[in-house]
Amino acid sequence: MPVKLEHIHTPTAADWQDLEKIHQDTSATGFAADRSALEQWLADGGWIIAGRFNDRLIGALLAQETPAGVTLSQAGVRSVTQRRGVMHQMLHFIQRWAQEEGKTLVVRDCPENLQPALQHRGFMAADGELQYRHNG
């Protein structure tokens, strides 16, 4: 399932519908932000990194620029597309973007069961968080 990565600052009406579906499918374990929380997130300078397939958002996570780098949080994938490599592809493209832009990616409060997967992708434990540093 080929996924295109997008950085969304202003979701379309269809994007809001898809984000709500991601929220409904994963709010207990991942993408907990509902529309009002997302609107506030965007107003505060954060953005949504989304995976799109066939013009629909099927995965999303929150991103925010901090002095330490770009902090990633609240990852979620639609239940109908889970176990098809969506988050794997999203992380691949996010890491490529970070390399191109010279950014460090930071993941705080990562569930323990997800840490090995991130470490396998090159994230290193540092100061109580996981970091992916660009090579440059």
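These legends walk through several views of a predicted protein model, starting with the whole chain and then turning to single helices and residues.

**View 1. The whole protein: four helices and seven strands.**
Welcome to the overview. Starting at the N terminus, the order of elements is β-α-α-β-β-β-α-β-α-β-β. The radius of gyration is 14 Å, close to the 14 Å that the globule rule gives for 136 residues, so the protein is as compact as a globular protein of that length. If you follow the C-alpha trace along its principal axes, it spans about 40 × 30 × 30 Å.

**View 2. Inside and outside of the protein.**
How many of the 136 residues count as buried? The share is 43%. On the outside, the accessible surface comes to about 7,600 Å², and 48% of that belongs to carbon and sulfur atoms. The protein has 13 positive and 16 negative charges, and the mean positions of these two groups are 7 Å apart. Contacts also tell you how the chain folds back on itself: among those between residues at least 6 apart in sequence, 58% join residues at least 24 apart.

**View 3. Helix H2 and its buried residues.**
Helix H2 covers residues 35–43, and its buried residues are Leu38, Trp41 and Leu42. Where do they sit around the helix axis? They cover an arc of only 95°, which puts them on the same side of H2. These buried residues pack against several elements: strand S1 (4–8), helix H1 (13–26), strand S2 (47–53), strand S3 (56–66) and strand S4 (69–77). Look just after H2 as well, where Gly45 takes a positive phi of about 100°.

**View 4. Val3, in the segment before S1.**
Is Val3 buried or exposed? With a relative accessible area of 6%, Val3 is buried, because buried means under 20%. Leaving out residues up to four places away in sequence, Val3 touches Gly51, Arg52, Ile58, Val86, Gln89, Met90 and Phe93. Now find Phe53, which is 50 residues from Val3 along the chain. The C-alpha atoms of Val3 and Phe53 are separated by 5.2 Å.

**View 5. Asp55 and Gln74, two residues with a positive phi.**
Asp55 is not a glycine, yet it has a positive phi of about 70°. You will find Asp55 in the loop between S2 and S3. Its relative accessible area is 64%, so Asp55 is exposed, the cut-off being over 50%. Gln74 is not a glycine either, and its phi is positive too, at about 50°. Which element holds Gln74? Gln74 belongs to strand S4. Here the relative accessible area is 29%, so Gln74 is partly exposed.

**View 6. Asp15, in helix H1.**
Is this residue of H1 buried or exposed? Asp15 has a relative accessibility of 4%, so Asp15 counts as buried. Which residues does Asp15 touch, if you set aside those up to four places away in sequence? They are Ile8, Arg52 and Leu57. Arg52 may look familiar from View 4, where it is listed among the residues that Val3 touches.

**View 7. Glu65, in strand S3.**
At 42% relative accessibility, Glu65 counts as partly exposed. Once its neighbours within four places in sequence are left aside, Glu65 is in contact with Trp47, Val70 and Lys103. How are Glu65 and Phe31 placed? They are 34 residues apart along the chain, and 19 Å separates their C-alpha atoms.

**View 8. Glu101, in helix H3.**
Helix H3 takes in residues 86–101, and Glu101 lies in it. The relative accessible area of Glu101 is 47%, so this residue is partly exposed. Try tracing the chain from Glu101 to His134, which is 33 residues away in sequence. In space, the two are 8.5 Å apart, C-alpha to C-alpha.

How values were computed
Residues numbered from 1 in each chain as written. Predicted model: local features only at pLDDT ≥ 70, side-chain atom pairs only at ≥ 80, totals over all residues. Heavy atoms only, no water. Helix = DSSP H or I, 4+ residues; strand = E, 2+ residues; numbered from the N terminus. Rg over C-alpha atoms; globule rule 2.2 N^0.38 Å. Buried < 20%, exposed > 50% of the residue type's maximum accessible area, 1.4 Å probe, protein only. Contact = heavy atoms within 4.5 Å. Areas by Shrake-Rupley, 256 points an atom, 1.4 Å probe, with all protein chains shown as cover. Lys, Arg positive; Asp, Glu negative; His and termini not counted. Charge placed at Lys NZ, Arg CZ, Asp CG, Glu CD. Arc of directions from axis to C-beta.
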